[in-house]
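User: Could you take me slowly through one part of this structure, and then show me how other places in the chain can be read in a similar way? I am in my first year, so please explain each step with care.

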Amino acid sequence: MSTSPQTIREFIELLRDRNELITIEKEASARLEIPALAERMMKEPNGGKAMLFTHVEGSSQPLAVNLFGSFERLKLAFGVDDLAAIPARIRSLFDIVKMRGGLSNMLSLIGEAKDLLALPPKKVNGGYAQEVVHTKEASLDTLPILHCWEGDGGPFITLPMVITKSPKDGTYNIGMYRMQKFDARTTGMHWHRHKVGARHYREHQEMGIQKMPVCVALGGSPALVYASTAPLPPQIDEYAFTGFLRSENVRVTKAVTNDLLIPADCEIILEGYVDTTEPLRREGPFGDHTGYYSLADDYPVFHLEAITSCKKPIYPATVVGVPPMEDYYLGYMTERIFLPVIQMMLPEIVNYSMPSWGVFHNFVFVSIKKEFPSHAKKVIYGLWGLGMMMLTKVIVVVDSDVDVENDREALWVMLNNIDPKRDLVFGEGPLDELDHAAPRAAVGGKLGVDATRKWKNEADVREYPDKLARGDAFMNALRKKWSDSGVFPK
């Protein structure tokens, strides 16, 4: 295990050394041109390369994109030789809790897990992110903000880490919420109602606090960028979780214009506020990770008060669209990292997979160790009640011998095993805000599919036949006999 980079700049240099970065010195436009080039790169085999545009039209700042868009770059971002090492660490910590007898009390288990998964931030004075400070003259016009798709409502900051704090208990949240640039001093603040940032906004309203402080970090340690996308339980904030991922405390410092603690090692910090009494403003459309435009809607307005940065900042960005793109790889990390957490709540789950074409919230395969009739349906309902899994539109449950990370195999098994009249479970509940098929915003129908082999005592079925397979001994002998002939595929 190597060290996880502390800054985006360190990460970029590491990618350069590993031949994972392309530097483009020809001038390029942030309006449509760079996004189109980035999309083409992201669609290359294995995610293509990271890209650094050194000359962006109308800005003095270089722009980096597709930094996280491959499994190899994720390993470098987290400082591991194998991505499975991170969920393995989490699983080993939960094993420690079990050894302490935590399983006898689920609340005790959750509480101990919280302590084990958290490494609190370390406060410092000033820092890399405050080498240059602009207040009255601060302007978003200096940033190379991308206009990604022709139908977008304007340019959008696409990789922001939005920092807020609860006025009730002082807990922090760092969420990745896109920000449409309205003018040089204002943007939209696109936090969905299910997100913690929106909850903090409502808390400020309920307490009669008009000026809600907000900071937006651009860049920083790759682990922190990832953590801002992760569906963490409210007991664990993103600073603490990043500390766990890096095995090192995140350095934080006080913002210049408010009391929020910001990551000290970021490229750029936008400081400002949201007026909780101000009318919402129309934001969007936006070409989204679903592969469709998310529709225009009303959201709060972020007001810029200051921009701080290092001396020569690099502006980080991403582009989303028809999957798979860069965000697929960040989503994959969430899938893997949170499997042990889900298994802590539903231990019968063997594995799960969120295919890229399911755009995270639309579809999930789940394999289980089936132990009783209707066990699959129990898992379906359990997942719909578990954190952000509540937004999943379609859940397909198969037996433990099915490789759910192989889409073709899982779909093949599903279509062979189900009787649509018997095995489909329909429900209604919360959906992702981006689900344009929902009859009402963020609320609609759900589908659960029991694609497990049915037992005699759970359904009136004929005997389920075995899958076709050849024996290991026979195949090993066949491979040995034909390995040099060119007939047997290697």
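**A close look at the first helix, with some other sites**

Analyst: In this predicted model, Cys-215 makes a useful warm-up, because a relative accessible area of 0% is under the 20% limit below which a residue is called buried. The structure holds 0 disulfides. Cys-215 accordingly is in no disulfide, and the cysteine sulfur nearest to its own, that of Cys-266, is 11 Å away, whereas a disulfide would need the two sulfur atoms to be within 2.5 Å. Another cysteine, Cys-148, is also counted as buried, because its relative accessibility is 6%.

We can now turn to helix 1, which runs over residues 8–17 and whose buried residues are Ile-8, Phe-11, Ile-12 and Leu-15. These residues lie on the same side of helix 1, because the arc that they cover around the axis is only 100°. A general rule helps when you read such a list: an α-helix has 3.6 residues a turn, so residues that are three or four places apart point the same way.

What do the buried residues of helix 1 pack against? Their partners are three strands, namely strand 1 (21–24), strand 2 (50–53) and strand 3 (63–65), together with two helices, helix 3 (71–78) and helix 7 (222–227).

Of these partners, helix 3 deserves a more careful look. Two packed helices are described by the angle between their axes and by the distance between those axes. For helix 1 and helix 3, the angle is about 130° and the axes are 10 Å apart. Helix 1 is therefore oblique to helix 3, because an angle has to be over 145 degrees to count as roughly antiparallel and from 65 to 115 degrees to count as roughly perpendicular. The crossing of the two, helix 1 and helix 3, is right-handed. On the side of helix 1 the contact is made by Phe-11, Leu-14 and Leu-15, and on the side of helix 3 it is made by Arg-73, Leu-76 and Ala-77. Phe-11 and Leu-15 thus take part in this contact, and they are also among the buried residues of helix 1.

Arg-9 also has its place in helix 1. Is Arg-9 buried, exposed or partly exposed? Arg-9 is partly exposed, because its relative accessible area is 29%, a value between the limits of 20% and 50%. If we set aside residues up to four places away in sequence, Arg-9 touches Tyr-128, Glu-267, Cys-310, Lys-312, Pro-313 and Ile-314. By comparison with these contacts, take Pro-430, which is 421 residues from Arg-9 in sequence and, from C-alpha to C-alpha, 39 Å from Arg-9 in space.

Just after helix 1 comes a detail of the backbone, for Asn-19 takes a positive phi of about 60° there, although Asn-19 is not a glycine. Asn-19 is placed in the loop between helix 1 and strand 1, and it is exposed, because its relative accessible area is 53%.

A positive phi is also found at Ala-442, where it is about 65°, and Ala-442 is not a glycine either. Ala-442 sits in the loop between strand 24 (424–430) and strand 25 (443–450). Here the surroundings contrast with those of Asn-19, because Ala-442 has a relative accessible area of 3% and is buried.

The backbone has cis peptide bonds to examine as well. One of them leads from Gly-284 to Pro-285, with omega near -5°, and Pro-285 is in the loop between strand 15 (281–283) and strand 16 (286–287). Another joins Pro-323 and Pro-324, with omega about 0°, and Pro-324 is in the loop between strand 20 (315–317) and helix 9 (326–337).

For practice, you can read helix 11 (residues 375–384) as we read helix 1: its buried residues are His-375, Ala-376, Val-379, Ile-380, Leu-383 and Trp-384. What covers them includes helix 10 (339–345), strand 21 (349–353), strand 22 (363–368) and strand 23 (394–399), as well as strand 24 and strand 25.

A last site is Trp-482, in helix 14 (residues 472–482). Trp-482 is partly exposed, because its relative accessible area is 34%, and, leaving aside its neighbours within four places in sequence, it is in contact with Val-487 and Phe-488. Between the C-alpha atoms of Trp-482 and Val-214, which are 268 residues apart along the chain, the separation is 66 Å.

Technical notes. Residues are numbered from 1 along each chain as its sequence is written. This is a predicted model: local features need pLDDT of at least 70, side-chain atom pairs count only at pLDDT 80 or more; totals for chains, interfaces and linings use all residues. Side-chain values use heavy atoms; hydrogens and water are left out. Buried means under 20% relative accessible area, exposed over 50%, partly exposed in between (1.4 Å probe, protein chains only). Helices (H or I, at least four residues) and strands (E, at least two) are DSSP runs, numbered from the N terminus. The arc is that of the directions from the helix axis to the C-beta atoms. Contact means heavy atoms within 4.5 Å. Axes are lines fitted to C-alpha atoms, for helices over the stretch in contact, and angles run from 0 to 180 degrees between N-to-C directions. Angles under 35 degrees count as roughly parallel, over 145 as roughly antiparallel, 65 to 115 as roughly perpendicular and the rest as oblique. A crossing is left-handed if the near helix is turned anticlockwise from the far one by less than a right angle, and right-handed if clockwise.
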